Every structure is written in structure tokens, then in C-alpha cells.
Amino acid sequence: MTSNTTQRFENRVVLVTGAGGGIGRAVAEGFAAEGARVAVNDLHPHTVEAVVAGITAAGGTALAVPADVSDAAQVEAMFARTEAALGHVDVLYNNAALIDTARHFLEADEAWWDRIQRVNLKSVFLCSHRAATVMARRRRGVIISTSSGGATRAHRGNVAYDATKGGIEAMTRSMALDLAPYGIRVNGVVPGFINTYGLTEEQLRVREKTVPLGRYGVAADMVGAALFLASDDAAYITGQFIAVDGGVLAQQRSANVDTFPVEGFPVIPADLA
Ligand code: NAD
């Protein structure tokens, strides 16, 4: 891609997980527009191939690396393929997650909990560990993971999701300390209400009223913070998170809970003394 005058990621390899759509796709395209060779991961080959085709058509360099990032063997194969085709990974952007997982705590079960922990949290461990093993030997690298407002302010009906995002924030600080002596920076982003999930116009209008900046976010809003944290402009920043949320986390007022209203809570008879 030549239209962008800033090329902060020339000669850098960036791997973005869950980049078949939504925020991951926008971030992958953003890195490619600034000169990175981008490995594009998601579960299904056809989605990543479409993203790669778009980047390539725009003059960038990208590689499709479909894999389930919660599976250690598939993570290993994804990194091996990226290294063989593009070179060692300079930037890992952990973005893949299950986002549509709401269930009231009283209706939770072990399979639901395990699946969300595996896809949203264990995947960050697997990918970060594999990436850091090579980054440490090169004495450089950046790992960025995707949290949520749910890490610090709960979403109703999302105990498992919120626990994974809290885990990601704790892991990020911990990895930042362990990896700092090897020249590896570890940070994260906290998306706010980014419209990637098919809400109706009416739902969007209602929900965006709760955003201090007065509008919902779009995937492109995430690109600036992602690229900044990955770039040398952030050379002295590690163990930190940047919220990209239009001010939501800064405000006292609760957001609307239209996605999980109290009326939808299970009816539990009060029949025990
Ligand atoms: P999305 O569903 O469009 O993106 C998530 C992607 O991860 C999907 O393409 C999905 O196929 C992929 N994925 C799921 N399981 C996978 C697996 N096992 N292996 C590989 N890929 C897998 O949603 P999004 O809104 O773009 O979310 C991106 C990230 O941002 C997520 O981590 C999400 O938790 C976080 N986030 C989003 C919002 C928001 O408002 N959209 C808010 C807070 C946090």
C-alpha cells in the first residue's frame, strides 16, 4: 500500500488473531497500510482469504493463517506457517474472542464457562507464549491484547466473558514484567461500544446516547491506538491499556442494559427460609 505516507511497520511482521471481520480486520488492514507484512488469522479459511485479498488488492502484503487459537497445536502451526512465509512475528495482536456469550449466572454451566475461558483467555496465553519465545531470542517484540470495559465494570449476564477480560488485563501486566528484560513490550486496548454485531438502527440510537462522545464506535476507531502501541512511538510504554470507548469508562452513569434487562433474569421461586 503506497497511499499512506507514514510507514511505521515496514519490514515488520504482524499477526492479528480473529481478523476475519470486525475490529481484527480493521486493525490488520491498518497495519498493512503502514507497510507491515500481516498474518491474518480467524477460524474459517474463506473469511481470512477475503481479508488477505483486500489487503493484497490495495498493494499490501498479507498471508491467510486460519486456525483455532484456543488449540495449542493449531497455534504452533499458525506461527510456523507465518515464520516460513513472512518471517518472525514482531507484533502479535490478540483479538479473537467469543463476544455473544451472555447467560445469567444462575443459568451458567461448566461447558459454557470452559468454552469462553478457552477461546477468550487461554488463546491469549498460547499465542503470547509462542510469540514471546521467539521475541525473547530476538530481544524485541510487541504483544497487544484486547480487553473490554467488562474487565473493570461488569456487564450483566457476562460473568464468564468479563472474567476472561479481567484475566487478560492481569496477564498483560504480569507478562509485561516477565518480558521487559528481553525487550518485549506488552500492552492492551479496551474497546468500548464498537458496532461490529448487527444491532438495528433503533438499538444503535438508544445505546449511543450512553456514550459521552455521542456516537457508537466503528472498527476503524480502534486502529489508531493499536498501531500506536505497536509502534516505536510507544517505546517506553508497557503493562498498560488504552480505552477506546468514547468516554464510557470515565463516566459514573451506568450504560443502558438493553442487551440483558432485569426482566430477562430467570424467575427463581423464593421458597427457602
Ligand atoms: P467479532 O466477533 O467480529 O471478532 C472476533 C473474531 O474472533 C471473529 O471473527 C471470530 O470468528 C474470531 N474467533 C472466535 N473464536 C476464534 C478462535 N477460536 N480462533 C480464531 N478466531 C476466533 O467481534 P469484535 O467486536 O470485532 O471483537 C474483537 C475483540 O474486541 C474481541 O476480543 C472482543 O471481546 C473485543 N471487544 C469488542 C467490543 C465491541 O463493542 N465490539 C467491546 C469490547 C471488547
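These are my notebook entries on a predicted model, covering its helix packing and several single residues.

**Entry 1. Helix 1 and helix 2**

I began with helix 1, residues 22-33, and helix 2, residues 45-57. Their axes come within 10 Å and cross at roughly 30°. I noted helix 1 as roughly parallel to helix 2, because angles under 35 degrees count as such. I recorded the crossing of helix 1 and helix 2 as right-handed. From helix 1, the contact draws on R25, A28, E29 and A32; from helix 2, it draws on A50, V51 and I55. Sorting the residues of this contact by class, I found 5 nonpolar, no polar and 2 charged.

**Entry 2. Helix 1 and helix 7**

I then followed helix 1 to its contact with helix 7. The axes of helix 1 and helix 7 come within 9 Å and cross at roughly 55°. I therefore entered helix 1 and helix 7 as oblique to each other. Their crossing is right-handed. On the side of helix 1, I listed A26, V27, G30 and F31; they meet V223, A226, L227 and A230 in helix 7. By class, the contact of helix 1 with helix 7 holds 7 nonpolar residues, 1 polar residue and no charged residues.

**Entry 3. The surroundings of helix 7**

How many of the 8 residues of helix 7 are buried? I found 6 of them buried, so helix 7, residues 223-230, is largely enclosed by the rest of the structure. The buried residues are V223, A225, A226, L227, L229 and A230. I next looked up what these buried residues pack against. Their partners are helix 1, strand 4 (91-94), strand 5 (141-146), strand 6 (184-191) and strand 7 (241-244).

**Entry 4. Helix 4 and helix 5**

I turned to helix 4 and to helix 5, residues 159-179. The two pack at an angle of about 15°, and their axes are 9 Å apart. I therefore noted helix 4 and helix 5 as roughly parallel to each other. Helix 4 passes helix 5 in a right-handed crossing. On the side of helix 4, I listed W112, W113, I116, Q117, N120, L121, V124, F125, S128 and A132. These meet V159, A160, Y161, A163, T164, G167, I168, M171, M175 and L179 in helix 5. By class, this contact of helix 4 with helix 5 has 15 nonpolar residues, 5 polar residues and no charged residues.

**Entry 5. N120**

I singled out N120, which is placed in helix 4, residues 110-138. Is N120 buried or exposed? Its relative accessibility is 0%, and I therefore counted N120 as buried. A polar atom of the side chain of N120 lies 2.8 Å from the backbone nitrogen of L98. Setting aside neighbours within four places in sequence, I found N120 in contact with A97, L98, Y161, T164 and I168.

**Entry 6. The loop between strand 4 and helix 4**

I looked up two residues of this loop, N95 and D100. N95 counts as buried, at 12% relative accessibility, whereas D100 is exposed, with a relative accessible area of 74%. Not counting residues up to four places away in sequence, N95 touches T17, G18, I23, G24 and T146. For D100, I checked the distance to N158. The two are 58 residues apart in sequence and, C-alpha to C-alpha, 9.4 Å apart in space.

**Entry 7. E76**

I located E76 in helix 3, residues 72-85. Its relative accessible area is 38%, and I therefore entered E76 as partly exposed. I also checked E76 against A131: 55 residues separate them in sequence, and the C-alpha to C-alpha distance is 9.6 Å.

**Entry 8. Two positive phi values**

Finally, I looked up the backbone angles of N11 and R139. Phi of N11 is near 65°, a positive value in a residue other than glycine. N11 lies in the segment before strand 1 (13-16), and N11 counts as exposed at 60% relative accessibility. Phi of R139 is near 60°, again a positive value in a residue other than glycine. Where does R139 lie? I found R139 in the loop between helix 4 and strand 5. At 52% relative accessibility, R139 counts as exposed, because the cut-off is over 50%.

How values were computed
Residues are numbered from 1 along each chain as its sequence is written. This is a predicted model: local features need pLDDT of at least 70, side-chain atom pairs count only at pLDDT 80 or more; totals for chains, interfaces and linings use all residues. Side-chain values use heavy atoms; hydrogens and water are left out. Helices (H or I, at least four residues) and strands (E, at least two) are DSSP runs, numbered from the N terminus. Buried means under 20% relative accessible area, exposed over 50%, partly exposed in between (1.4 Å probe, protein chains only). A polar contact is a pair of N or O atoms within 3.5 Å; within protein, one must be able to donate a hydrogen and the other to accept it, and residues adjacent in sequence count only if both atoms are side-chain atoms. Contact means heavy atoms within 4.5 Å. Axes are lines fitted to C-alpha atoms, for helices over the stretch in contact, and angles run from 0 to 180 degrees between N-to-C directions. Angles under 35 degrees count as roughly parallel, over 145 as roughly antiparallel, 65 to 115 as roughly perpendicular and the rest as oblique. A crossing is left-handed if the near helix is turned anticlockwise from the far one by less than a right angle, and right-handed if clockwise. Ala, Val, Leu, Ile, Met, Phe, Trp, Tyr, Cys and Pro count as nonpolar, Asp, Glu, Lys and Arg as charged, and the others, Gly among them, as polar.
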